[in-house]
Amino acid sequence: LFPILGNGPRAIFIDGFFLVSYFSPLVLLYLIAPFVRTHKIMKITGYTTILLSSIFFTLGTLCYLLVYPYPISIENFLPIYQLARVMEYGRFFQRIESVFVLIWAASAMSMLSIGFYFVVYIFRKTFELDYQRPMIWSFIIIIFTLSLFPPNLMTVLELDKMYYSKVTWIISLCYPILILLIARLRSRNPEKEAKTR
């Protein structure tokens with residue numbers, strides 16, 4: 001854990017600001033809202049999600065830093081997988097990561113399915129289409145084709161580091177704040193909103 005603050009406060013709070021994009025899946029909370037029955041359930045869901053994800057991120061990072069020293073920790077690909085590989089429970093329970101791989105694969109498939117559904121749903125709502133089922137195969141082909149453009153995994157990781165992580169924080173932070181500001185301004189002028197309707 002030492003030195004405290006690693007490479008210094010600037011590396012953490014200024015250079016690391018763009019790493020806020022790792023919390024960009026929380027934008028799904030805004031998209032889930034129309035499917036939730038009451039505001040109370042949505043509020044409980046949102047707070048629970050943010051609390052649990054923060055706890056898991058913190059504990060996962062802490063465990064990883066306690067196991068691997070700094071020079072090695074930055075070189076590992078899939079750090080939680082590397083952490084699971086060193087787990088042993090007695091003499092007969094070794095290589096426990098094979099159990100975790102099933103859980104991680106199921107979680108990844110769930111996340112991809114949810115993301116894919118909302119891509120199709122947003123497209124349908126944006127263009128005011130009546131049906132979204134006919135678009136599913138089209139989007140599958142488009143997304144699969146786009147996934148074949150990068151030549152290897154290292155290129156994907158490099159693109160993620162250079163572009164994706166530096167742009168998604170705008171979508172996950174600035175976009176919701178902008179939408180809330182627009183909604184606040186519209187709620188202050190109900191007569192104008194009634195005329196537009």
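What share of the contacts in the chain with a separation of 6 or more comes from residues 24 or more positions apart? The figure is 41%. Keep in mind that this is a predicted model.

Start with the overall layout. The chain has nine helices and two strands. Read from the N terminus, its elements follow the order α-α-α-α-α-β-β-α-α-α-α. The two strands thus come after five helices and are followed by four helices. The radius of gyration is 21 Å, well over the 16 Å that the globule rule gives for 197 residues, so the chain is more spread out than a compact globule. The C-alpha trace spans about 70 × 40 × 35 Å along its principal axes.

Now look at the surface. Of the 197 residues in the chain, 16% are buried. The accessible surface amounts to about 16,500 Å². Carbon and sulfur atoms own 71% of that surface. Charge is next. The chain carries 18 positive side chains and 10 negative ones. The centres of these two sets are 9 Å apart.

Turn to the aromatic rings. The structure contains eleven aromatic pairs. One of them joins Y64 and Y68. Their ring centres lie 5.2 Å apart. Their planes meet at 45°, which is neither under 30 degrees nor over 60, so the pair counts as tilted. Both Y64 and Y68 are buried.

A second pair is formed by Y117 and F118. Here the ring centres are 5.5 Å apart. The planes stand at 75°, over the 60 degrees cut-off, so this pair is edge-to-face. How do the two partners fare in accessibility? Y117 has a relative accessible area of 36%, so it is partly exposed. F118 has 7% relative accessibility, under the 20% limit, and therefore counts as buried. These two residues also belong to a wider group. Ring pairs link Y117 and F118 with F35 and Y121 into a cluster.

Three single residues are worth a stop. Begin with M42, in helix α3, which covers residues 39-67. Is M42 buried or exposed? Its relative accessibility is 15%, so M42 counts as buried. Which residues does M42 touch, leaving aside its neighbours within four places in sequence? They are L29, A33 and V36. I32 gives another point of reference. M42 and I32 are ten residues apart along the chain, and their C-alpha atoms are separated by 8.4 Å.

Next comes A106. This residue sits in helix α6, made of residues 97-126. A106 has 44% relative accessibility, so it counts as partly exposed. Compare its position with that of G16. The two lie 90 residues apart along the chain, and 30 Å separates their C-alpha atoms.

The last stop is E128. This residue is found in the loop between α6 and α7. Its relative accessible area is 69%, over the 50% limit, so E128 is exposed. The backbone of E128 also deserves a look. Most residues other than glycine have a negative phi. E128 is not a glycine, yet its phi is positive, at about 50°.

To retrace the route: the chain is built from nine helices and two strands. Its rings form eleven aromatic pairs. M42 is buried, A106 is partly exposed, and E128 is exposed.

Notes
Residues are numbered from 1 along each chain as its sequence is written. This is a predicted model: local features need pLDDT of at least 70, side-chain atom pairs count only at pLDDT 80 or more; totals for chains, interfaces and linings use all residues. Side-chain values use heavy atoms; hydrogens and water are left out. Rings of Phe, Tyr and Trp (its six-membered ring) pair if their centres lie within 6.5 Å; planes under 30 degrees apart count as stacked, over 60 as edge-to-face and the rest as tilted. Buried means under 20% relative accessible area, exposed over 50%, partly exposed in between (1.4 Å probe, protein chains only). The radius of gyration is taken over C-alpha atoms; the globule rule is 2.2 Å times the number of residues to the power 0.38. Contact means heavy atoms within 4.5 Å. Accessible areas come from the Shrake-Rupley method with a 1.4 Å probe; for residues, only the protein chains shown count as cover. Lys and Arg count as positive and Asp and Glu as negative; His and the chain ends are not counted. The place of a charge is taken as NZ of Lys, CZ of Arg, CG of Asp or CD of Glu.
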